[in-house]
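Here are my notes on this model, as numbered points. Please read them with the coordinates open.

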Amino acid sequence: MFHLWKKIQAQKYSEKTFDAKNFKELKLPAYHHCPFCDYSSRIVSNVRQHILTHTGERPYICTHCELGKWGTGKRHKCPFCDYISKYTTSVRRHILTHTGERPYKCSLCRKSFNDKCSLKRHMKRHSSAEIK
């Protein structure tokens, strides 16, 4: 019985006829199953999220590069040079090397750094200087 229902659902929501309009109206049964494969979950939002891997729809757009999540293998690019990274945070940190911005400041001597790790390393020097 279950396999018959699954075949009917797969035909009803085939990849050819599936679009964003009927995606939001998709009503799944109590134990939720993907109409395209054997994936199932008790949480409907998990199944709806999973279905996007079949449809290719990418509703979540990156504000930095306008690429969708589960991207096409494209990367985030620095606007100042040819630096490319998979991660937006890496590009943001890299951009600081171009702008000269140093947002992390030492509370003891006011020296500034462009990343948190450098500030932490610097603070250890202060504590070792106090010990000597």
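1. Start with cysteine 106. This residue is buried, at a relative accessible area of 0%. Keep in mind that the model is predicted.

2. Does the sulfur of cysteine 106 have a bonding partner, or is the closest cysteine sulfur too far for a bond? The closest one belongs to cysteine 109, at 3.7 Å. A disulfide needs the two sulfur atoms within 2.5 Å, so this pair is too far apart for a bond. The count for the structure agrees: zero disulfides.

3. Next, the annotation. An unreviewed UniProt entry lists "domain: C2H2-type" at residues 32-59, 76-103 and 104-131. Such annotations may be inferred rather than shown by experiment. Take the stretch 76-103. Helix makes up 43% of the chain there and strand 14%. The C-alpha atoms at its two ends lie 22 Å apart.

4. Cysteine 81 sits in the loop that joins strand E3 (76-77) to strand E4 (84-85). What does cysteine 81 touch, leaving aside residues up to four places away in sequence? The contacts are His94 and His98. Histidine 98 is 17 residues from cysteine 81 along the chain, yet their C-alpha atoms are separated by 9.0 Å. Cysteine 81 is partly exposed, with a relative accessible area of 25%.

5. Now the charged side chains. The structure has one salt bridge. It joins aspartate 82 and lysine 77, with an N to O distance of 3.9 Å. The cut-off is 4 Å, so the pair qualifies at 3.9 Å. Side chains of opposite charge can pair when their charged atoms come close. How accessible are the two partners? Aspartate 82 is exposed, at a relative accessible area of 67%. Lysine 77 is partly exposed, at 42%.

6. Helix H3 covers residues 44-55, twelve residues in total. Its length can be checked. At 1.5 Å a residue, the expected span is 16 Å, because the rule multiplies by one less than the number of residues. The end C-alpha atoms are 17 Å apart, which agrees.

7. Which residues of H3 are buried? They are Val47, His50, Ile51 and Leu52. An α-helix has 3.6 residues a turn, so residues three or four places apart point the same way. Check the listed positions against that spacing in the viewer.

8. Last, the end of H3. Glycine 56 follows the helix. Its phi is positive, near 80 degrees.

Key
Residues are numbered from 1 along each chain as its sequence is written. This is a predicted model: local features need pLDDT of at least 70, side-chain atom pairs count only at pLDDT 80 or more; totals for chains, interfaces and linings use all residues. Side-chain values use heavy atoms; hydrogens and water are left out. Helices (H or I, at least four residues) and strands (E, at least two) are DSSP runs, numbered from the N terminus. Buried means under 20% relative accessible area, exposed over 50%, partly exposed in between (1.4 Å probe, protein chains only). Contact means heavy atoms within 4.5 Å.
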